[in-house]
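Welcome, and please open your viewer before reading on. We will go from stop to stop, and at each one you will hear what to select and what is there.

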Amino acid sequence: MNQIIADGGCMCGSVRYSVKGEVLWAGHCHCESCRRQTSSPMTSFFCVYEKNMMFVGDALQTYSPSKDVERGFCKNCGTLMYYMHASRAGEIDLYAVTLDNPENFKPESHYHWDEKLSWLHVNDGLPKENQEE
Ligand SMILES: [Zn+2]
C-alpha cells in the first residue's frame, strides 16, 4: 500500500473524500484515546499528506481531545473521518474502514502495542510498536 488512489466516506454519505498519492504508513492503533473515540478495542489508519486528499461535503466537524490533536467526524452520523497531530504537520491519518474498498488496506504494524487490551488476541505476524510512527 505504498501508493493509493481511492475514495471513501462516512456512514450517511454526507462526508466524502478522495485520496491519491503516497501512503506514509498504515497500521492498527491500540492507544486509549483511539479506543475511546472509536468505542472499539483498536482502530486502523493509513497516513497521507493532507495536500493529497480532499473532503467533500459540509458535515465535517472537528473535535480536539488535547491541544495537539484534531479529530474529524461527520456531524450527521458520527463517523470518525481523520486524526491529525501537531507534531506531524501536513499529514493526515484516515480511518481505513472508511474507504469504499477497505480490502485494499495493507496494514504494516501495530502502534501503541503497550496499550493493547489483554482480551484482544492478535496473531497476524505484523511488528508491534509502542510508539506511533
Ligand atoms: Zn455522515
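Is Lys 106 buried or exposed, or something in between? Select Lys 106 and take a look: Lys 106 is partly exposed, because 13 other C-beta atoms lie within 10 Å. Here a residue is buried if 20 or more other C-beta atoms lie within 10 Å of its own, exposed if 12 or fewer, and partly exposed in between, with C-beta atoms placed from the backbone.

Two notes before we move on. What you have open is a predicted model, in which local features need pLDDT of at least 70 and side-chain atom pairs count only at pLDDT 80 or more, while totals for chains, interfaces and linings use all residues. Residues are numbered from 1 along each chain as its sequence is written.

**Stop 1: around Lys 106**

Keep Lys 106 selected and show the backbone on both sides. Lys 106 sits in the loop between strand E8 (91-95) and strand E9 (109-111). Helices (H or I, at least four residues) and strands (E, at least two) are DSSP runs, numbered from the N terminus. Now add Ala 96: its C-alpha atom is 9.2 Å from that of Lys 106, and the two residues are 10 apart along the chain.

**Stop 2: the whole chain**

Zoom out and switch to cartoon. You should find 1 helix and 9 strands, in the order β-β-α-β-β-β-β-β-β-β from the N terminus. Taken along the principal axes, the C-alpha atoms fill a box of roughly 40 × 30 × 30 Å. The radius of gyration is 14 Å, which agrees with the value near 14 Å for a compact globule of 133 residues. That radius is taken over C-alpha atoms, and the globule rule is 2.2 Å times the number of residues to the power 0.38. Of the 133 residues, 33% count as buried.

**Stop 3: strand E2 and its partners**

Select strand E2 (16-29) and follow its pairings. Two strands pair if DSSP finds at least two bridges between them.

- E1 runs antiparallel to E2, joined by 7 bridges; Gln 3 stands opposite Glu 22 in E2.
- E3 pairs with E2 in the antiparallel sense over 6 bridges; Val 48 in E3 is the bridge partner of Val 23.
- Strand E4 (residues 53-56) is also antiparallel to E2, over 4 bridges; look for Arg 16 opposite Val 56 in E4.
- E9 runs parallel to E2, with 3 bridges; Ser 109 in E9 is the bridge partner of Gly 27.

Next, show the link between E1 and E2. These strands form a hairpin with 6 residues between them, and Gly 13 in the turn has a positive phi of about 90°.

Stay on strand E2 and pick Ser 18. Ser 18 counts as partly exposed because it has 14 C-beta neighbours inside 10 Å. Leaving aside neighbours within four places in sequence, Ser 18 is in contact with Asp 7, Met 53 and Met 54; contact here means C-beta atoms, placed from the backbone, within 7 Å. Ile 4 is 14 residues away in sequence from Ser 18, and their C-alpha atoms are 9.9 Å apart.

**Stop 4: the core**

Which residues have the most contacts inside the largest nonpolar core? Select Phe 45, Phe 46, Val 48, Met 81 and Leu 94: they are the ones, in a core of 29 residues. A nonpolar core is a set of buried Ala, Val, Leu, Ile, Met, Phe, Trp, Tyr and Cys residues joined through C-beta atoms within 7 Å. Among the elements that give two or more residues to this core are strand E1 (3-9), strand E3 (43-49) and strand E7 (80-85).

Center on Met 81. Beyond four places in sequence, Met 81 touches Cys 10, Val 15, Leu 60, Gly 72, Phe 73, Cys 74, Tyr 95 and Thr 98.

**Stop 5: two positive phi angles**

Most residues other than glycine have a negative phi. Select Ser 39, whose phi is near 55°, in the loop between helix H1 (32-38) and E3. Ser 39 counts as exposed, because it has 8 C-beta neighbours inside 10 Å.

Finish at His 112, in the segment after E9. His 112 has a positive phi of about 55° although it is not a glycine. Here the surroundings are fuller: His 112 is buried, with 20 other C-beta atoms within 10 Å.

How values were computed
Two residues are in contact if their C-beta atoms, placed from the backbone, lie within 7 Å.
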